[in-house]
Amino acid sequence: MRELSKAFEHSEVDPRWYAFWESIGAFRADPASGKPRFSMVIPPPNVTGSLHMGHALNHTLPDIIARWKRMQGYDVLWLPGTDHAGIATQNVVEKQLAQEGKTRHDLGREAFEARVWEWVKKSHGTITGQMRKLGESVDWSRERFTLDEQLSRAVRRVFVSLYDEGLIYRGAYMVNWCPRCRTALSDLEVVHKDTTGKLWYVRYPGADGGPGVTVATTRPETMLGDSAIAVNPDDPRYRGRVGQKVRLPIIGRELTIVADEFVDPAFGTGAVKVTPAHDPNDFQMAKRHGLAEIAVIDEDGKITAAGGPYAGLDRFKARARIVEQLEQDGLLEKVADHQHAVGTCQRCSTVVEPLISTQWFVKIEPLAREAIRVVEEGQVRFLPENWTKTYYEWMYNIHDWCISRQLWWGHRIPAWYCRACGQMIVAEQTPERCACGGALEQDNDVLDTWFSSQLWPFSTMGWPDETPDVARYYPTDLMLTAFDIIFFWVARMIMAGVKFTGEVPFRDVYITGLVRDERGAKMSKTMGNVVDPLDVMDEHGADALRFTLTAMAAPGMDIPLSEGRMLGYRQFINKIWNASRFVLMNLGDDETRGEVPEAATLGPAHRWILHRLNAVTGEVKEAFSAYRFDVAADRLYHFFWHEYADWYIEMTKQHLQTEGAERDATRAVLVEVHDRVLRLLHPIMPFVTEELWQHLPRRAGDGRTITLARYPEPREDWVDEAAAADVQLLQDVVTTIRTARAERSVKPSEKIAATVEGATPEQARVLSGEQGYILALAGLSALGFGQAHAPAEGTEIVTRVCGHLRVHMQMPQADRGAEREKLRKKLADAEREAASIDAKLANEQFVSKAPARLVEETRARRAVLDVQLQKIRHTIDEMGA
């Protein structure tokens, strides 16, 4: 007898098998294998700490595909790595220094970078440890980091190439500036938050002592830098006013009223202040009218010397003082509440300040045009398809990309300035001196993190060199990632891939939703609802977490992660384990096994399970091919639990207790089905399936690990609709009897007799032939056909409809009063729950705002209750008054 421990101990099993897989190179890609290829690159996690539940989802799903493809016979490259995450990682280390009472400037650039490298090493170890714990089948021999020398060389090559083509330029332009991070931000790094603020109506007196003009502003502190007042040329209220002068309150500077079509006459009074140094629209307006750019807020968010009496004040303190002064001067006409979107830093939530700054930019339109074309031509496919529209909307409205960051951590910009003549040199290699002989100083700024990340699909494979990996594995086949980085990353990878390799970087882009808490709320530390994947894996194991995420990963849907679902799938693992113990206990001691007997020689139960296994095999293959992870999980769960374990294993018990050919055939089918279902489950649940598969008897060529075993394919000779119909009939009759027994509280150990009325000759033949199964599964002492017999003493006949059949069961006479009371209580409980669900579904707030999956599950529960209520009422009626 083959021994298997009583319970699955994931804490012991999981690390043992992962170490084994690594030791035999199970995940290593081999360009010389001669197999068809399949490749993916991992979305590189930031080295800012550890993986969160979103990472767990976006690492589990591609791992399923990688394992599935590997088992199908593909040479799979799933390339791992991490991202240096410039601003995010620098913030982490700067916060650590702040706790020590230091800043990066106290250390200096070189020492600060060394300190960041220490953190990176620690964070990298945490992340890769989590990836192994989750079971990710990545090729560790090809692991990359975005600051590796090879990847840095690719970054410099791209920068210099774009610069030489005039697609990278440097100049003083309006940028988003974070005073906390002290760096420029791209438009995508600014999060716009709806805020209830104020709209201050300020009168600018006429320069000649006249009434002047009243303007409305959300930012009184920027008025210190005003250089004009603007009105719409078609606004009748201001005809004849254009060209007149007004005086800037507090500062006293004269301003001219200009006409510009950009001004919205419906906003405020129709007249707006123009602050070219602190508003992107005003910056453009100033170019059109030749207005001065007066910077009154600096990079720390403080008022500059140009702000007169407010110099040195924080911008928001200055706002309060200015409003107070305007009130005293009688120039504040009114204050109104105003709903508007305020730009904040994605990393630290500081309110972003528009500033004019000298920065590096990518001229993006020519790159975007090609990236639009390849999607229109179908070279890249977005799944779910609705994301294609979102991609186009952004790409058609794209702005030039500010790529310089005022940080110390990252890829330093490959530009040098001559101290003697001021000439700028852009080069891949560090130049020794200027042509004039002068010393050179490198640009202090680093590149936006996404500049290097956009090259990830091909730089990780060795580009710009023509390496075997580039030739073999690029373009990749699938990019699976979260929706929030479609523009940050996916779009830029497409632009860079097409530009520098002439190929799209991937064929399919699968976009996942967010992992939320069980109420559908976004996980956040402030709400205290963050679920740590490490904690979950410690408690339930990686397989339970993986199966939960997979089962809930419906396309286009967020995932409300609940403890209940996790526990349910942990129980599923227990079910698999216990079923495996049963199988192993009944297989004998043979280390090898032969083929399953021809289906035609087997009984209906064996033919049925092979037919159903065959169907599920096809359904899972189809689901994985369409990235319907949830469908694959659902089909496997239902088949294993509700068909294989609940029915077939129970049917085999009577055969396994005998000797001879029937027992041998049962063993052969049982081990075949068990082996195949473990293989089917393996991509989703790698650890428990490996542990169990290793205990099964093998066939020649099975190999050392299930992860390299062949994935099951459907077999035409196992298709058997007749056997499926026969067993369905058997199941219907058994279920009808079981349900009636439960309703009447008949103990499982108590045998009853049953008669089936209305069966056709064929149905009677089937049920008679499978009578042994029915007696055992339904707890019967006898099964007859025809009309109901008179009840024996102390019994009564209970009849149930089963399709067009009537099943008469001779059951012990019940204490009708007690049974009725029990049923009425059950009925009241079910009615209360139904009423509660009805109220919930009648609530428009719940239906429109709750996660769609939760609404679906609530409606499904209500449908189940309807059936239960009908059955309970029927049973009460049956018992009479």
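The questions and answers below go through parts of a predicted model, one element at a time.

Student: Which residues of helix H24 are buried, and on how many sides of H24 do they lie?
Tutor: In helix H24, which spans residues 771-778, the buried residues are Tyr773, Ile774, Leu777 and Ala778. Around the helix axis they cover an arc of only 100 degrees, which puts them on the same side of H24. The answer is therefore Tyr773, Ile774, Leu777 and Ala778, on the same side of H24.

Student: Against which elements do the buried residues of H24 pack?
Tutor: Among the helices they pack against are H18 (604-625) and H19 (629-656). Two further partners are helix H22 (721-743) and helix H23 (761-769), and the list also holds a strand, S27 (780-785). The elements asked for are H18, H19, H22, H23 and S27.

Student: Which residue follows H24, and what is its phi?
Tutor: Directly after helix H24 comes a glycine whose phi is positive. That residue is Gly779, and its phi is near 70 degrees.

Student: In what order do the strands of the sheet containing S27 stand, and which are the edge strands?
Tutor: Four strands form this open sheet, and their pairing is mixed. The twist from one strand to the next averages 20 degrees. The order is S27-S26-S29-S28, and the strands that pair on one side only, at the edges, are S27 and S28 (795-802).

Student: How many bridges join S28 to S29, and which residue in S29 is the partner of Ile797?
Tutor: Strand S28 and strand S29 (residues 805-812) run antiparallel, and the bridges that join them number eight. One residue to follow here is Ile797, which has its bridge partner in S29. The count is eight, and the partner of Ile797 is Gln810.

Student: Which helix packs on this sheet, and what angle does its direction make with that of S29?
Tutor: The helix touches strand S26 (752-757), and it also touches S27, S28 and S29. This helix is H22, and the angle between its direction and that of S29 is about 35 degrees.

Student: Which strands stand at the edges of the sheet that contains S18, and why is one side of each left without a neighbour?
Tutor: Three strands form this open sheet in the order S19-S18-S20, with antiparallel pairing. Each edge strand has a single partner strand, so one side of it is left without a neighbour in the sheet. The edge strands are S19 (424-426) and S20 (440-442).

Student: How many bridges pair S18 with S20, and which residue is the partner of Trp416?
Tutor: Strand S18, residues 415-418, pairs with S20 in the antiparallel sense, over three bridges. Trp416 finds its bridge partner in S20. The values asked for are three bridges and, as partner of Trp416, Gln442.

Student: How many disulfides does the whole structure have, and why is there no bond between Cys418 and Cys436?
Tutor: A disulfide is a covalent bond between the sulfur atoms of two cysteines. The sulfur of Cys418 lies 3.5 Å from the closest cysteine sulfur, that of Cys436, and this is too far for a bond, since the cut-off is 2.5 Å. Cys181 is likewise in no disulfide, with the nearest cysteine sulfur, that of Cys178, 3.7 Å away. The number found in the whole structure is zero.

Student: Is Asp630 buried or exposed, and with which side chain does its own side chain make a polar contact?
Tutor: Asp630, which has its place in helix H19, has a relative accessibility of 11%, and it counts as buried because that value is under 20%. Leaving out residues up to four places away in sequence, Asp630 touches Thr550, Ala551, Ala553, Ala554 and Pro555. The answer is buried, and the polar contact, at 2.8 Å, is with Arg628.

Student: Where does Pro384 lie, and what is the omega of the cis peptide bond that joins Leu383 and Pro384?
Tutor: Pro384 lies in the loop between strand S15 (381-383) and helix H10 (386-396). The cis peptide bond joining Leu383 and Pro384 has an omega of about -5 degrees.

Student: What is the phi of Ile250, and where does Ile250 lie?
Tutor: Ile250 lies in the loop between strand S10 (245-247) and strand S11 (254-259), and it is partly exposed, with a relative accessible area of 29%. Although Ile250 is not a glycine, its phi is positive, at about 70 degrees.

Note on methods: Residues numbered from 1 in each chain as written. Predicted model: local features only at pLDDT ≥ 70, side-chain atom pairs only at ≥ 80, totals over all residues. Heavy atoms only, no water. Buried < 20%, exposed > 50% of the residue type's maximum accessible area, 1.4 Å probe, protein only. Helix = DSSP H or I, 4+ residues; strand = E, 2+ residues; numbered from the N terminus. Arc of directions from axis to C-beta. Contact = heavy atoms within 4.5 Å. Pairing = 2+ DSSP bridges. Axes fitted to C-alpha atoms, helices over the stretch in contact; angles between N-to-C directions. Polar contact = N/O pair within 3.5 Å; in protein donor to acceptor, adjacent residues only side chain to side chain.
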